[in-house]
Amino acid sequence: MSTVELKIGGAAALLGVAAHVLRHWEDIGLLTPRRLPSGHRVYDDQTVGQARLIQISQRAGLSLAEIGELAAGERADRIDLVNAKRARIAEHITNLELADRFLAHLVHCVHPVISDCPECSALVERRALSAITQ
């Protein structure tokens, strides 16, 4: 038996989102709250849990379309989607690390023009090579 039975405003407040966000998630098929005879939505523990899973998935970088694919897909498709997302995250981390190394070097770089600095040039070339090989 469910311990939570909230209308949309209460569920939205509990989840920290606007009510229109919950309606949107319902419109695109990610949530299916129970409806009262009056038409009001009722969010029980399971529906609130699904909404929290959507939020966690978004924080992990998944789009709503990808979340829908995860929910509807076969296990192999879900694994492929997650592995592809993880590869994009790894690439983003690599790019951020390179940017951080470049900026850290710039703090101490004594060359008035970046292209005159061998270390700056090497970092730029490494990034260009990385972009070509991807």
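Helices are DSSP runs of at least four residues, numbered from the N terminus. The model described here is predicted.

Helix α1 spans residues 8-15. Its buried residues are Ile 8, Ala 11, Ala 12 and Leu 15. Seen down the axis of α1, these residues fall within an arc of 100 degrees, so they line one face of the helix. The cover over this face includes β1 (5-6), α2, β3 (41-44) and α3. Just after α1 comes Gly 16, with a positive phi of about 75 degrees.

Helix α2 shows a buried face as well. Leu 22, Trp 25 and Glu 26 are its buried residues. They lie within an arc of 100 degrees when viewed down the axis of α2, so they line one face of the helix. His 20 and Asp 27 are exposed on the other side of α2. Among the elements that cover the buried residues of α2 are α1, β2 (34-35), β3, α3 and α4. Gly 29, just after α2, takes a positive phi of about 90 degrees.

Glu 26 deserves a separate description. This residue belongs to helix α2, which covers residues 19-27. Its relative accessible area is 18%. Buried means under 20%, so Glu 26 counts as buried. The side chain of Glu 26 makes polar contacts with two arginine side chains. One joins Glu 26 to Arg 35 at 3.1 Å. The other joins Glu 26 to Arg 41 at 2.4 Å. With neighbours within four places in sequence left aside, Glu 26 is in contact with Leu 31, Pro 33, Arg 35, Arg 41 and Tyr 43.

Strand β3 contains Asp 44. The side chain of Asp 44 makes a polar contact of 2.9 Å with the side chain of Thr 47. Asp 44 and Val 110 are 66 residues apart in sequence. Their C-alpha atoms are 62 Å apart in space.

In helix α4, the buried residues include Glu 66, Ile 67 and Leu 70. They cover an arc of only 100 degrees around the axis, which puts them on the same side of α4. Ala 65, Ala 71 and Ala 72 are exposed on the other side of α4. The buried residues of α4 pack against α3 and α5.

The largest pocket holds about 200 Å³ of space. Two elements, α3 (45-59) and α4 (64-72), give two or more residues to its lining. The largest share, 4 residues, comes from α3. The lining of the largest pocket consists of Gly 29, Leu 30, Gln 50, Leu 53, Ile 54, Ser 57, Leu 62, Ile 67, Leu 70 and Ala 71. By class, 7 of the lining residues are nonpolar and 3 are polar. No charged residues take part in the lining. Several residues met above return here. Gly 29, with its positive phi just after α2, is one of the lining residues. Ile 67 and Leu 70 are buried in α4 and also line the largest pocket. Ala 71 lines this pocket too, although Ala 71 is exposed on the other side of α4.

Helix α5 runs over residues 75-108 and includes His 105. The relative accessibility of His 105 is 14%. Since buried means under 20%, His 105 counts as buried. Not counting residues up to four places away in sequence, His 105 touches Cys 117, Glu 119 and Cys 120.

Leu 123 sits in helix α6, residues 118-133. At 6% relative accessibility, Leu 123 counts as buried. Residues up to four places away in sequence aside, Leu 123 touches Leu 98, Arg 101 and Phe 102. Leu 123 and Glu 26 are 97 residues apart along the chain. Their C-alpha atoms are separated by 47 Å.

Notes
Residues numbered from 1 in each chain as written. Predicted model: local features only at pLDDT ≥ 70, side-chain atom pairs only at ≥ 80, totals over all residues. Heavy atoms only, no water. Buried < 20%, exposed > 50% of the residue type's maximum accessible area, 1.4 Å probe, protein only. Polar contact = N/O pair within 3.5 Å; in protein donor to acceptor, adjacent residues only side chain to side chain. Contact = heavy atoms within 4.5 Å. 1 Å grid on protein atoms, 1.4 Å probe; cavity = no way out; pocket = protein on both sides within 12 Å on 5 of 7 lines; lining within 4 Å. Points joined across faces, edges and corners; volume = space filled by probe spheres on them. Nonpolar A, V, L, I, M, F, W, Y, C, P; charged D, E, K, R; others polar. Arc of directions from axis to C-beta.
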